[in-house]
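User: I am new to this structure. Please take a close look at one helix pair and the spaces around it.

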Amino acid sequence: FKTVLKLSPSNAKAYTNLGNLQKEQKKYDEAIRSYEKAISLDEKNYIAYNNLGVIYQELKNYSEALKNFNITFKINSKFEFILGKILHCKMHLCDWNNYEKLKKEIIEGVKNNLEMIEPFPILGLTDNPKILKQASEIYSKKKKFNSRKNKFKLNKDKLKIGYFSSDFHSHPVSHLIKDVFKYHNRTNFEVIGFYYGTKNDKWTEEIKKNFDEFIDLDQLKIGDIESFIRKKNLDIAVNLNGYTSNSKNEIFSKGIARFQINYLGYPGTMGTDAMDYLIADKIVIPENNKKYFTEKILYLPNCWLPSSKHREISKRNFEKKDFLIPDNKFVFCNFNNIYKITPEIFKIWMNILLNSDGSVLWLISKNISVKENLRTEAKKRGVDPNRIIFSDPIDIEDHLKRIQLADLFLDTFPYNAHLTAVDAIRAGLPILTISGNSLPSRGADSILQSANISNLCKKTFQEYQDTAIELAKNRKKYKIIRESFQNCINSELFNVEQFTKSLEKIYLDIV
């Protein structure tokens, strides 16, 4: 492409394609310059605007991403998945202007098999499992994630399991599954990690030790990856990304193992026959919901999330004043990613504050737009904006310590807390949730049941709201609830050794 540009310096397409390569190589500064040059040569270049938006989204600059996606939409309103990208960026900013209109248009479009939204962002908009399946099928068809079956020899001595992820660093997926790799029975299994992420930290180094072999696929040429993996003769390949950031789902469409499993990273169907199975439990996917998944469902006996009781927690002695939380206030909190907060759930939270004198709501965000937008929404609903307290993200070890300062975790809907719920329970912090019809909206219910807590999962917004208000007012009842969370660390939820044995039984049964 650089040669083309020497011969044809005003070639906008060459600049766009050069930017595409630089984006793939994570050379974002260079890619931004290439796209901006392409746009200067062709102001209607919606591909360049879209890809600029994708880069800014990856860099968590959601305001700039939204600006570029809006221009893309203005030039070509039919461009693939653009409306979903716009709404997802707005959710990251808690900008709910036109939320209902956009949401309705997206869901109606999905019903009509239009390319409206990528699979991950729609998980936070609806708990209708039929719509979620349809969105994944539209996306997988567009991206040509079709299955190509290949023959593999059975490994008779040990089953070869390959775990594939871009998240083998300090990331929710690794926080959950790291010890599973360690506890695999080496008599029956050989365990290989395939990494295609760009971050390396102490978690990466720890995870490497837990595999028999750890392979950085980014060190290979793209054209060599497929044949390299196939030579490993894997019995099972586990896709820990699904439709999440930095995934390489095209690898799985080549048929790289005898059996291919969708698990953990993406809580939904991938809508393609490239994935044979999905691992879940009977709470997150009841029998009557199996029809909403293109994969065959494999059931674990308990919660589908692995979690070890052995986690490093900071020894620091935090106080409420360290996070600008007033003393003698009942502290409601939510530590989920901010895009999971919908206008519907925020309205409920504001009702809870209005009916709970002497309470505050504690959230995690350092984004100025998020803070301004949520405080404006609070004021609209008659709540003093100063009752919403924001803290910055911090290291996970410190975070696990500071959440002990809160009183009640108010979950989001339709995308529940998953790792965040596990972290709350680990810290002895009660979590109040709502259960719906989709896998993401039933996640916290499964987690609570595995921790032997059954009375804090509600079926309606009204029950959820009433319970939160009652616990804030009735300190005696709250104390009983809080005490019930103190021994959860000894529950099945944190028995990662037993979890690993159950997972291995599933693998052996498949083969």
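Analyst: What follows covers one helix contact, then a pocket and the cavities. The model is predicted.

Start with helix α7, residues 99–111, and helix α9, residues 129–142. These two helices pack at an angle of about 70°. Their axes lie 9 Å apart. Angles of 65 to 115 degrees count as roughly perpendicular, so α7 is roughly perpendicular to α9. The crossing of α7 past α9 is left-handed.

Which residues make the contact? From α7 come Ile107, Val110 and Lys111. From α9 come Ile131, Gln134, Ala135 and Ile138. By class, the contact of α7 with α9 has 5 nonpolar residues, 1 polar and 1 charged.

Next, the second largest pocket. Its space is about 190 Å³. Glu105 is one of its lining residues, and residue 105 falls within the range of α7, residues 99–111. Phe73, Ser77, Lys78, Phe79, Ile82 and Leu83 also line this pocket. So do Leu114, Glu115 and Met116. The lining divides into 6 nonpolar, 1 polar and 3 charged residues.

Last, the enclosed spaces. The model has 4 cavities of 30 Å³ or more. The largest cavity holds about 80 Å³ of space. It is lined by 14 residues. Closest to its centre are Pro129, Leu132, Gly268, Thr269 and Phe293. Of these, Pro129 and Leu132 carry numbers within the range of α9, residues 129–142. By class, the lining of the largest cavity has 9 nonpolar, 4 polar and 1 charged residues.

Terms used: Residues are numbered from 1 along each chain as its sequence is written. This is a predicted model: local features need pLDDT of at least 70, side-chain atom pairs count only at pLDDT 80 or more; totals for chains, interfaces and linings use all residues. Side-chain values use heavy atoms; hydrogens and water are left out. Axes are lines fitted to C-alpha atoms, for helices over the stretch in contact, and angles run from 0 to 180 degrees between N-to-C directions. Helices (H or I, at least four residues) and strands (E, at least two) are DSSP runs, numbered from the N terminus. Angles under 35 degrees count as roughly parallel, over 145 as roughly antiparallel, 65 to 115 as roughly perpendicular and the rest as oblique. A crossing is left-handed if the near helix is turned anticlockwise from the far one by less than a right angle, and right-handed if clockwise. Contact means heavy atoms within 4.5 Å. Ala, Val, Leu, Ile, Met, Phe, Trp, Tyr, Cys and Pro count as nonpolar, Asp, Glu, Lys and Arg as charged, and the others, Gly among them, as polar. On a 1 Å grid over the protein atoms alone, a cavity is a set of points where a 1.4 Å probe fits but cannot get out, and a pocket is an open set with protein on both sides within 12 Å along at least five of seven lines; lining residues have an atom within 4 Å of a point. Grid points are joined across faces, edges and corners, and a volume is the space filled by probe spheres set on the points.
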